[in-house]
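This report introduces the structure shown below to a reader who has not met it before. It proceeds from strands to aromatic rings, and then to the nonpolar cores and a helix.

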Amino acid sequence: MPTATDSDDLPRLARIDPSLFDLLFSGCKVERYAAGQHLFVQEDAADRIYGVMSGTVEISIYSPGGQKLVANIELSRSLVGEIGALDGRPRTATAICLTACGLVSLSRTQLFDRIEKNPPLARAMIELLCTRLRWVSGELGDQAFFGIEARLAKRLIFLAGVMADAGGWIPISQSELGEFLGATRESVNKTLNDWRTRQVIDIKRGGLRILDAGALRHIAESRDDD
C-alpha cells in the first residue's frame, strides 16, 4: 500500500520564485522566534511583511466569539502578512509559529521601495495574491459542496505533502484538524476512527499517517457524504 501522496496532487503552495524571494529580503537579518510566538494578531495594525526561512507558521482566523479556523500553514520560503503590508489596513488573520522559526521581514515602506526598484517583484506579488485568492475560493467551494469526509480527506492529502515526517506521520491532533475544517473534534474523531478500521489511515497520539492514498483521494473527490 502507498504510504504517501504524490506532490503533483497537492495544491500549489503560494510562494514567489526563490530568486525573487532572495531579492525581496536581500540584506535582512534572520530573526529567531520560539514555538508559540505570535507574529501578529487579527485586526492588528499592519506594518511588516515576513519571509519564512525555516520552521512552520500557522495562519488562523477568529470569529467575534473566539472560534478558531486554521486558514493555512506556511513553510520555508513562504511570505506571511503580505495583504496588510500592501494595503496598510489591519491584519486579516493571526500568524503564530507552530515550531521554532527563522524569519526575515521588511517594513511597508521598505517593501514598496524594493518593488519600485525591482519591477519583477510587483508581478510576483500579484501572482502570489491571485494564488491565495484561488485557494480561498476553493476552500469556500469545498465548504459549500463537500461533506466532512471529503474535506477531511483533501486536507490530509495536503498536510501529508507539507508536514509528514520520514515515516509518513503528520504531527497534528484531531482538535487541530477540526480547526482546519471548521468542524467539531467529535465529527473528526468519528471519521478518522472509521478510516482506521478500514485501514485507510493509522493513528497515534498527536499524529496520523496515510496508509491507502488511493482510497483517500477517492473520498476527497466524493460529494455524496453529508
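Two strands are taken to pair if DSSP finds at least two bridges between them. The model described here is a predicted one.

**Strands and sheets**

Three strands form an open sheet in the order S9-S11-S10, and their pairing is antiparallel. Strand S9 (169-170) and strand S10 (201-204) stand at the edges with a single partner strand each, so one side of each has no neighbour in the sheet. The antiparallel pairing of S10 with strand S11 (residues 207-210) extends over 4 bridges. Within this pairing, Ile201 has Ile210 of S11 as its bridge partner.

Another antiparallel pairing joins strand S4 (residues 57-62) to S5 through 6 bridges. Ser60 is matched there with Val70, its bridge partner in S5. S4 and S5 make up a hairpin in which 5 residues lie between the two strands. Gly66, in the turn, has a positive phi of about 95 degrees.

**Aromatic rings and charges**

A pair of aromatic rings is described by the distance of the centres and the angle of the planes. The count for this model comes to 3 aromatic pairs. Two tilted pairs, among them, are listed in the table.

| Pair | Centre to centre | Angle between planes |
|---|---|---|
| Phe21 and Phe25 | 5.1 Å | 55 degrees |
| Phe40 and Tyr50 | 6.2 Å | 35 degrees |

Both pairs count as tilted because their plane angles are neither under 30 degrees nor over 60. Phe21 is buried, at 1% relative accessibility, and Phe25 is buried as well, with a relative accessible area of 5%. Phe40 belongs to strand S2 (residues 38-40) and Tyr50 to strand S3 (residues 48-54), so this pair ties together parts that lie 10 residues apart in sequence. Phe40 counts as buried at 8% relative accessibility, and Tyr50 counts as buried at 8%.

Phe40 also has a charged residue over its face: Arg91 lies there, at 4.0 Å from the ring centre. A further arrangement of this kind involves Trp169, whose ring has the charged end of Lys204 over it, 4.6 Å from the centre.

**Nonpolar cores**

Which residues have the most contacts inside the largest nonpolar core? They are Leu156, Leu159, Leu177, Leu192 and Trp195, in a core of 31 residues. At least two residues of this core come from each of strand S5 (68-74), helix H5 (148-163), helix H6 (174-181), helix H7 (185-197), S10, S11 and helix H8 (213-220). The greatest contribution is that of H5, with 10 residues. When neighbours within four places in sequence are set aside, Leu159 is in contact with Ala164, Ile170, Ile172, Leu177 and Phe180.

A second core, separate from the one above, has 16 residues, including Leu20, Leu121, Ala124 and Leu128.

**Helix H4**

Helix H4 (residues 119-145) consists of 27 residues. From its first C-alpha to its last it reaches 40 Å, close to the 39 Å expected at 1.5 Å a residue. Its buried residues are Leu121, Ala124, Met125, Leu128, Thr131, Arg132, Trp135, Gly141 and Asp142. An α-helix has 3.6 residues a turn, so residues three or four places apart point the same way. Leu121, Ala124 and Leu128, which are among the buried residues of H4, are also members of the second core.

Notes
Residues are numbered from 1 along each chain as its sequence is written. This is a predicted model: local features need pLDDT of at least 70, side-chain atom pairs count only at pLDDT 80 or more; totals for chains, interfaces and linings use all residues. Side-chain values use heavy atoms; hydrogens and water are left out. Rings of Phe, Tyr and Trp (its six-membered ring) pair if their centres lie within 6.5 Å; planes under 30 degrees apart count as stacked, over 60 as edge-to-face and the rest as tilted. Buried means under 20% relative accessible area, exposed over 50%, partly exposed in between (1.4 Å probe, protein chains only). A charge sits over a ring if NZ of Lys or CZ of Arg is within 6 Å of the ring centre and within 35 degrees of the ring normal. A nonpolar core is a set of buried Ala, Val, Leu, Ile, Met, Phe, Trp, Tyr and Cys residues joined through side-chain atoms within 4.5 Å. Contact means heavy atoms within 4.5 Å. The expected span of a helix is 1.5 Å times one less than its number of residues.
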